[in-house]
Amino acid sequence: MREWTREERYQVLESPEQVKELHERIKTSAWRQTYHVQPVTGLSSDPNGFAFHKGVWHLFYQWCPWGAVHGLKYWYHVTSLDLVHWKNEGVGLAPDTYYDNKGAHSGSAISDGENLYFFYTGNHRDEDWTRTPYTCAAKLGDDGKPVKREKPLFGPRDDYSEHQRDPKIVWNEEKKRYYIFIGAQTLDGKGTAQVYSSEKLFEGWKFEGQLHVVGYEDFGGMWECPYIVNISGKDLLIFSPQYTKLPGRAESTNHNVYFIGTMDYDTLTFAPDEGFSHLDYGFDFYAAQGAANVGDPDKGILLAWIGLPDNHYASAEEDWEGSMSLPRELRIKDGHLYQYPVKEVMALRDEEIKPEGKLPKAAEMELTCDGGDLDLNLFTLADGNGGLTIHYDASSQTMTIDKSHLTLRFNEAVGEKLDMPLRTPLKKLNVFIDHSSVEIFANDGEETFTAHVYPTKEETGYTLVGNAVAKLWPYKASVKDDFVI
Ligand code: FRU
């Protein structure tokens, strides 16, 4: 894989011409997605600033223009009217001030009906590369581009390490105040979140204290991308803990977890009903962010980066990598979280085809099962061997997904085989395939599994063994791959 110098990774984008050729080249890749948001060039990572405002869904992604590398980060802007058909809008936030000179890092958005406001981390670095993270803000201008507030809202606290970033803005109706949650690391290296509050969005911010998640005082070394939402009267807290291994997650030290419980804004205590759960059991799901202003107290809408920090993917050879997941509707029923692609996704179904062992490049497969053992292998070779193997073991109610039989292997060191334990026997499985990703939803969103895959020209088949009725729909394209910078 290509080695990058710091100068190359942190080069400032002066003109679209600098990356036009790269776009033209990657556009022809066999792994380019057709119904997922993906980087216009280079690398996409965290979803940012996701919100519904004046009839439009706004989404941004962390973008490094230059290649499959984490370097100088921009917010790249895409919009949609239905969460499925996405249009490239160009650069949203560029790292062009003193405060964000080495990156416009992750953050969130909120609409007050009139305006759309953004909160993000300005990643400042001095010449000696010392980092100072600022909490910065911007507002959507009349021309559809975010306009930065001249000064940051506040700087970092010196009683935490340099890891203080990814502001999540929320309005608390009871307190009549806005709150910002910031992912942080204590001076003794523990992951946590800081809480700030203000009556107004662009002024008056005050540090309230540290979030206390009962029982999780020592859980990883940094909590990236915190997110909190109330769904059907329960609080859902999500973040991405790092620098720790978790049971059942092989060698990975980057995770995305959630808690259902109660948030007390007086004591800044989140009391979980139960322990943490994995938001997704797949190899590649991180930095998930829900949309703001969804407008329905019983649902959330969330998507994530299909990818993990420290990992690299087969498309890196073509100088690009990363993708957004499908937007998922979140519901909480009987104390459990359910996640399922928003219904507009199903409108992409083309005419149903007979499931005869051939896999379209973009498709949805639905299996109706009887709860017994099952083997579904995707992207198999002509002789039926190889592929991504998905085994359901009825006695332990566990699915095991193994990617080690694919021709192109990547990130072997963090593990190629993971389990997805189910709460109830497997009755339904929906698999959403786009050219280089697979998203698996078991039992209508009881559990999910997301992964990148890079099938070769020969890996176009699938095999199914077990008692299941399969349906297969090719999918229509819904994301424009236009060169807009
Ligand atoms: C998570 C993250 C964030 C940071 C951003 C930088 O993947 O490390 O904490 O703001 O990426 O791109």
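**Ligand site**

Which pocket does the space taken by the ligand correspond to? In this predicted model, the ligand occupies the second largest pocket. Strand S5 (104-111) and strand S9 are the elements that give two or more residues to the shell around the ligand.

The residues that surround the ligand are Asp46, Gln62, Lys73, His105, Ser106, Arg165, Asp166, Glu224, Tyr286 and Trp305.

**Polar contacts and coverage of the ligand**

Three of these surroundings are described here by distance. For Asp166, an N or O atom of the side chain lies 2.5 Å from an oxygen atom of the ligand. For Gln62, the corresponding separation between a side-chain N or O atom and a ligand oxygen is 2.6 Å. In the case of Arg165, a side-chain N or O atom is 2.7 Å from an oxygen atom of the ligand.

On its own, the ligand has 310 Å² of accessible area, and the protein covers 90% of this.

**The four-stranded sheet**

Strand S9, which contributes to the ligand shell, also belongs to an open sheet of 4 strands. The order in this sheet is S9-S10-S11-S12, and the pairing is antiparallel. Strand S9 (160-172) and strand S12 (206-210) form the edges; each has a single partner strand, so one side of each is left without a neighbour in the sheet. On average, and ignoring direction, neighbouring strands of this sheet are turned by 25° against each other.

Strand S11 (residues 191-198) and strand S12 run antiparallel and are joined by 4 bridges. Within this pair of strands, Ser197 stands opposite Lys206 of S12.

**The five-stranded sheet**

A further open sheet contains 5 strands in the order S4-S3-S2-S1-S21, with mixed pairing. Its edges are strand S4 (86-93) and strand S21 (320-321), and because each has a single partner strand, one side of each is left without a neighbour in the sheet.

Strand S1 (residues 42-53) and strand S21 run parallel, joined by 2 bridges. Gly42 has Trp320 in S21 as its bridge partner. In general, the strands of a sheet pair through backbone hydrogen bonds, in either a parallel or an antiparallel manner.

Technical notes. Residues are numbered from 1 along each chain as its sequence is written. This is a predicted model: local features need pLDDT of at least 70, side-chain atom pairs count only at pLDDT 80 or more; totals for chains, interfaces and linings use all residues. Side-chain values use heavy atoms; hydrogens and water are left out. Two strands pair if DSSP finds at least two bridges between them. Axes are lines fitted to C-alpha atoms, for helices over the stretch in contact, and angles run from 0 to 180 degrees between N-to-C directions. A residue is near a molecule or strand if one of its heavy atoms lies within 4 Å of it. A polar contact is a pair of N or O atoms within 3.5 Å; within protein, one must be able to donate a hydrogen and the other to accept it, and residues adjacent in sequence count only if both atoms are side-chain atoms. Accessible areas come from the Shrake-Rupley method with a 1.4 Å probe; for residues, only the protein chains shown count as cover. On a 1 Å grid over the protein atoms alone, a cavity is a set of points where a 1.4 Å probe fits but cannot get out, and a pocket is an open set with protein on both sides within 12 Å along at least five of seven lines; lining residues have an atom within 4 Å of a point. A molecule sits in a cavity or pocket if more than half of its atoms lie within 2 Å of its grid points.
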